[in-house]
Amino acid sequence: MMKGSLKSAMEEIASAIKANKDYLTDLDREIGDADHGINMARGFDAVMAKLNSAEPADLSSGLRQVALTLISTVGGASGPLYGTAFLRAGKTVRQGDMLNPKLALSMFRAAVDGVEERGKAEEGDKTMVDALEPAYRAFEDTLKSGGDFPECLEAARDAAKKGVEYTKTIPAKKGRASYLGERSIGHQDPGATSVWIILNALLQYAQKIHKEQ
Amino acid sequence: MKKIINHPADVVDEMLDGMVYAYPQYVRRLEGLNVLTRTKAPTEKVALVSGGGSGHEPAHGGYVGRGMLDAAVAGAVFTSPTPDQIYEAVKAVNGGRGVLLIIKNYTGDVLNFEMAAEMADAEGIRVEKVVVNDDVAVENSTFTSGRRGIAGTLFVHKIAGAKAESGGTLDEVKAVAEKVIANVRSMGMAISPCTVPEAGKPSFVLKENEMEIGMGIHGEPGIQREPIQTADRIADRLLEKIFDDLRLSPGDETAVLINGLGATPLMELFIMNRRVAEVFAGKGIKIVKTYVGNGMTSLEMGGCSISVLKLDDELKQLLGAPAETPAFVQF
């Protein structure tokens, strides 16, 4: 694939997060502390400022920059969690590697492992993991059955969306929403929702690049 | 939203500058960072670093000074500070005898402080941490992130700070901090909401005649929403839950903190304290020291919390030791 760049992919994510800033914050107001959209928007704005000031040499160092910027600007739990995801994804890439679906799969796995380790969360806890794990499995299955990059991402996005819907049916066991116990049932998890928004943005990006080729 | 601010995005930055202008004898700001450190700290002691989201003023910057914290890291409003800022605070105050991080038990705070501790550890700085979880409003079970940390944290700052000031080792300071955590319980309630400047609208809504028992300091839901009652009845409710969790017997010695959440007048806090004193007297439990005031707020939230610390000789002596900070002076 990849005529695109990390910068244009992050641009797609940043504008999707910005467009959904109030939505994410409203979801968080219901079961958390009403800052998820605000924090994510601040973080991805900073990421774009960083990438605009100096385009990274390669994918590996670019992802590291994205991670460190998110860690130092998002705050809350999302900063370390998303930061760790990008940091681990970046570690999977060797210097000079170009993105391809197989590499993307191992980046995806490393990112999900990072989030689970840092947050000590697993599927069913009503967290980001409830979108990430099914999305990863869908990506993997689609790749195995010969899907191209946009098809893999589409499957991942759709699976993440199902994961988001699933979070409405379960009580939270991690994060601030866990204090609500059963009262958190019926509300969708803001973190799982931002995972879905990011995957959707990556899909939009991949489809654009695919068309250009 | 009606607030005396310049711009929502600037509140933390401008507040920190304002604190430094007000108390240059106690605190200074690390250049380019949201970190307040002691103006002059002796380097030959264990350093204490705390922090958390802003909006809880005077916590935590107001407790930086002799006998309490060495540095406080301020995050965005109600949002944990980031690891890079915490790490810079640790580096700035480490005098070689190690650094204790005092963390309130929220997922974000724990994650960010842990990452900072890893960064400091990689630099060869000895860092230990304690996590405060005094709020009995929420269940402490394996199915939640544990109890929240609220105003009882101030007792940890005070007592661990006194231990460090008296020359305690990092292990000793950590041990006494953990002893405080094991013996302090808090419970709060709210009657009116607060508005995070960047969010622009109240974080929850209570009807004119409603209160919420067990409300957290970020507007997290508590145990129950119900019609408001008298101060005496509210004090009874909060104490009941504290006594369920903290075993106290006649003759035991305690310290009590009646903490306002921002919009509740001292008049009402003293009315609460009157009832608390009566209840303790009725049970034969001694209150050695009472603090009443806005020690850990929640912006302009209306409401209060009660914290009770069970004392032993060591805790009592350290609690009574002198301290001099912007928000807490004791001779």
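Student: What percentage of the 331 residues of chain B count as buried?
Tutor: This is a predicted model. Burial here takes 20 or more other C-beta atoms within 10 Å of a residue's own. Among the 331 residues of chain B, the buried share is 56%.

Student: Which radius of gyration does chain B have, and why does it agree with a compact globule?
Tutor: The C-alpha trace of chain B spans about 55 × 50 × 40 Å along its principal axes. A compact globule with 331 residues would have a radius of gyration near 20 Å, so the value for chain B agrees: 19 Å.

Student: What share of the contacts in chain B with a separation of 6 or more comes from residues 24 or more positions apart?
Tutor: Contact means C-beta atoms within 7 Å. The secondary structure of chain B comes to 8 helices and 14 strands. Of the contacts with a separation of 6 or more, residues 24 or more positions apart account for 72%.

Student: In what order do the strands of the open sheet with strand 1 of chain B stand?
Tutor: This sheet of chain B has 6 strands, and its pairing is mixed. Strand 1 (27–29) and strand 6 (127–132) each have a single partner strand, so one side of each is left without a neighbour in the sheet. On average, neighbouring strands are turned by 25° against each other, direction ignored. The order is 1-2-4-3-5-6.

Student: Which residue is the bridge partner of Leu48(B) in strand 5 of chain B?
Tutor: Strand 3 (residues 47–54) and strand 5 (residues 99–104) of chain B run parallel. They are joined by 4 bridges. In strand 5 of chain B, Leu48(B) has as its partner Leu100(B).

Student: At about what angle does helix 2 of chain B run to strand 2 of chain B?
Tutor: Helix 2 covers residues 83–93 of chain B. It lies across strand 2 (35–38), strand 3, strand 4 (71–77), strand 5 and strand 6 of chain B. Its angle to strand 2 of chain B is about 15°.

Student: Which strands are the edge strands of the sheet 9-8-7-12-10-11 in chain B?
Tutor: That open sheet has 6 strands with mixed pairing. An edge strand pairs on one side only. Neighbouring strands here are turned by 20° against each other on average, direction ignored. The edges are strand 9 (224–227) and strand 11 (286–293) of chain B.

Student: How many of the 9 residues of strand 7 of chain B are buried?
Tutor: Strand 7 covers residues 184–192 of chain B. In the sheet order 9-8-7-12-10-11, it stands between strand 8 and strand 12. Strand 7 of chain B is mostly covered, and its buried residues number 8.

Student: Which residue of strand 12 of chain B is the bridge partner of Met187(B)?
Tutor: Strand 7 and strand 12 (residues 302–310) of chain B run antiparallel. There are 8 bridges between them. Met187(B) has as its partner in strand 12 Ile306(B).

Student: Which residue in strand 8 of chain B does Ala190(B) stand opposite?
Tutor: Strand 7 and strand 8 (residues 210–213) of chain B also pair in the antiparallel sense. That pairing runs over 2 bridges. Opposite Ala190(B) in strand 8 stands Glu212(B).

Student: Which element supplies the largest share of the side of chain B that touches chain A?
Tutor: The contact takes 28 residues from chain B and 24 residues from chain A. Strand 4, helix 2 and helix 3 (107–122) of chain B each supply at least two residues of the chain B side. By class, that side has 12 nonpolar, 12 polar and 4 charged residues. The largest share, 5 residues, comes from helix 3 of chain B.

Student: Which radius of gyration does chain A have, with its 213 residues?
Tutor: Chain A has 9 helices and 0 strands. Its C-alpha trace spans about 50 × 40 × 30 Å along the principal axes. Buried residues make up 59% of the chain. A compact globule with 213 residues would be near 17 Å, so chain A agrees at 16 Å.

Student: Which feature does UniProt place at residues 4–204 of chain A?
Tutor: Over residues 4–204, chain A is 71% helix and 0% strand. The end C-alpha atoms of this stretch are 12 Å apart. The UniProt record, an unreviewed entry, names the feature "domain: DhaL".

Conventions
Residues numbered from 1 in each chain as written. Chains lettered and ligands numbered in written order. Predicted model: local features only at pLDDT ≥ 70, side-chain atom pairs only at ≥ 80, totals over all residues. Pairing = 2+ DSSP bridges. Axes fitted to C-alpha atoms, helices over the stretch in contact; angles between N-to-C directions. Contact = placed C-beta atoms within 7 Å. Buried ≥ 20, exposed ≤ 12 C-beta atoms within 10 Å, placed from the backbone. Nonpolar A, V, L, I, M, F, W, Y, C, P; charged D, E, K, R; others polar. Rg over C-alpha atoms; globule rule 2.2 N^0.38 Å. UniProt positions renumbered as here; feature names shortened; annotations may be inferred.
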